[in-house]
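Me: I should like to learn how the features of a protein model are read. Please take me through them one at a time.

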Amino acid sequence: MDTFDITRLDSYRENNRIEAKAAKGGLPRSMWETYSAFANTYGGVILLGVKERGDGTFETVGLTRPEAEHLRQDFWNTVSNRFKVSAVLPIESEVELLETDGGAVVAIHVPRAPREERPVHINNDLYNGTYRRRGEGDYRCTRSEIVSMVCDQASEGMDGKVLDEFSVSDLNMESIRGYRMRFQTAHAQSSWNPLGTEPFLRAIGAAAVSREDGRLHPTLAGMLMFGNDYDILRECPNYFLDYREALDPSIRWTDRVHSGDGLWSGNVFDFFFQVSRKLTSVLKVPFKLDGIFRVDDTPMHKAVREALANCLFNADYYGVRGVVVRCEPSRLVFENPGNVRTGVEQMRLGGMSDPRNAGIMRMFGLIDVGERAGTGIPDVFATWAEAGLPEPEIEETFGEAERTTLTLELIPVTNNEQINEQINVSSEQINEQISASGEQITSRQTTVLDTITAQPDITYDELSHAVGVSSATVRRDVDVLVAAGLLKRVGSRKSGHWEVQGGTGR
């Protein structure tokens, strides 16, 4: 939520970006949990002087201006106390005193904290005072989540670590030879080409001299790029690379490559080139000539390679569930452990490169793979827009299994899918679009209705898992179904339930 408009108070609901607090008796203690949660997740707005009605809508509680001024001053006095809060994030202009006919409101805009400040915690207690936001509530972070945020604070990439227990001879020499051939093609005149294996690996950052014993050892970047999966697992126990192709609905996998199958090295370098060939082979190639030669490398092919490289650059290889790339008839999905260090919005806009694995990115950059100026993902968005395809979707999932998912749809938007994307239009507009299209609801929306019919008390997160789509997508489907008169919410968002209305158009 970038702005808060007090004149539209009735239209807001508690969600992962907004929280209402009555604050009649002063600053509520739970407000600081929300402050920590917003700072460690997406950011958000805390409203003081506002309460939630039974139906989930907001109303003011009648704070006077002096009471609101006191709350604002109390906030600044408390947030500046390092024993209460570990980081001061809002600036003065982001703590607003707003007045309505029903009373004054204090709106505190809490930005997502920079990774150097996370985890933002309260009460001088890192492990019991760190929170994140999920749906309409705050939850206390687990130790593994906190450790992950602490690791991300480092200015250098996590893959610069020197692995003293390994030697250069533990690396896969076939992978290194493949890399050197590509490097020589890209840099035929480089003075690194005549170097022996060890000096070359040191030059590209795949090996470094240890401060412990003064000898050359692989870096984590070098092990991930050129190691064998069984050695990588000794350092990163949850390491896993998985490509799943499902182009025929009658077969579970039409093709699959994963790091634990024992058929190849299982390292990041070999995975990238195996998978990029498979992914780009499923894209249509229009007939185009450059002189007498056919051009087979389209902007979409380049965008897909960029998406794959970005996934590998930003993966937390200590995280759980590994890297998963899915190739389906209608979409390509890239999942990696770890959240987006710059935030989703900055990733979408580009211009700021902050990879989790700077060493891996540098080595790929030396063979002309991946953008190094933070323009890779914006280029993917631009390519998809040029092709008339739905806008790519980036989603972060927080919790024990932190993940970033980039979804690239391959089928142009249809009328009903366009309706689903109209998040900000009114219910009346959506109803008009559905009536005008004359089409039935989508099969996914039918599944949503069937699931809700069976479980009227289901939450958005549970519904997301049941249907197999992101929480953002399922919320859009629910909005469309409510607007179409097929679904109704009874009671508040926290304690209410769903009712399916009439037929479903099936």
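Me: How many cavities of 30 Å³ or more does a search of the whole structure find?

Reply: The model is a predicted one. A search over the whole of it finds two cavities of 30 Å³ or more. The volume of the largest is about 360 Å³.

Me: Which residues are the closest to the centre of the largest cavity?

Reply: A cavity is described by the residues that line it. Here the lining has 29 residues, and those closest to the centre are Asn310, Asn314, Met347, Met352 and Ile377.

Me: Which elements give two or more residues to that lining, and what is its make-up by class?

Reply: The elements in question are helix 9 (299-313), helix 10 (344-349), helix 12 (376-386), strand 16 and strand 18 (403-409). Helix 9 provides the largest share, five residues. By class, twelve lining residues are nonpolar, twelve are polar and five are charged.

Me: Strands 16 and 18 appear in that list. In what order do the strands of their sheet stand?

Reply: Strands of a sheet pair through backbone hydrogen bonds, in either a parallel or an antiparallel sense. In this case six strands form an open sheet with mixed pairing, in the order 12-11-15-16-18-17. Strand 12 (255-258) and strand 17 (393-397) are at the edges; each has a single partner strand, so one side of each lacks a neighbour in the sheet. From one strand to the next, the twist averages 10°.

Me: In which sense, parallel or antiparallel, do strand 11 and strand 15 pair?

Reply: Strand 11 (residues 241-245) and strand 15 (residues 323-327) pair in the parallel sense, over five bridges. Within this pairing, Glu245 has Cys327 of strand 15 as its bridge partner. Helix 8 (residues 268-281) packs on the sheet and touches strand 11, strand 12, strand 15 and strand 16 (331-337). The direction of helix 8 makes about 10° with that of strand 11.

Me: Let us turn to a single residue. Is Val168 buried or exposed?

Reply: The cut-off for a buried residue is a relative accessible area under 20%. Val168 has 5%, and therefore counts as buried. Val168 lies in the loop between helix 3 (143-152) and helix 4 (173-186).

Me: With which residues is Val168 in contact, leaving aside its neighbours within four places in sequence?

Reply: The contacts of Val168 beyond those neighbours are Met173, Glu198, Leu201, Ala207, Leu216 and Pro218. Another residue, Gly227, is 59 residues from Val168 in sequence, with a C-alpha to C-alpha distance of 9.3 Å.

Me: What share of the whole chain counts as buried?

Reply: Of its 506 residues, 49% count as buried. The chain has 17 helices and 20 strands.

Notes. Residues numbered from 1 in each chain as written. Predicted model: local features only at pLDDT ≥ 70, side-chain atom pairs only at ≥ 80, totals over all residues. Heavy atoms only, no water. Pairing = 2+ DSSP bridges. Helix = DSSP H or I, 4+ residues; strand = E, 2+ residues; numbered from the N terminus. Axes fitted to C-alpha atoms, helices over the stretch in contact; angles between N-to-C directions. Contact = heavy atoms within 4.5 Å. 1 Å grid on protein atoms, 1.4 Å probe; cavity = no way out; pocket = protein on both sides within 12 Å on 5 of 7 lines; lining within 4 Å. Points joined across faces, edges and corners; volume = space filled by probe spheres on them. Nonpolar A, V, L, I, M, F, W, Y, C, P; charged D, E, K, R; others polar. Buried < 20%, exposed > 50% of the residue type's maximum accessible area, 1.4 Å probe, protein only.
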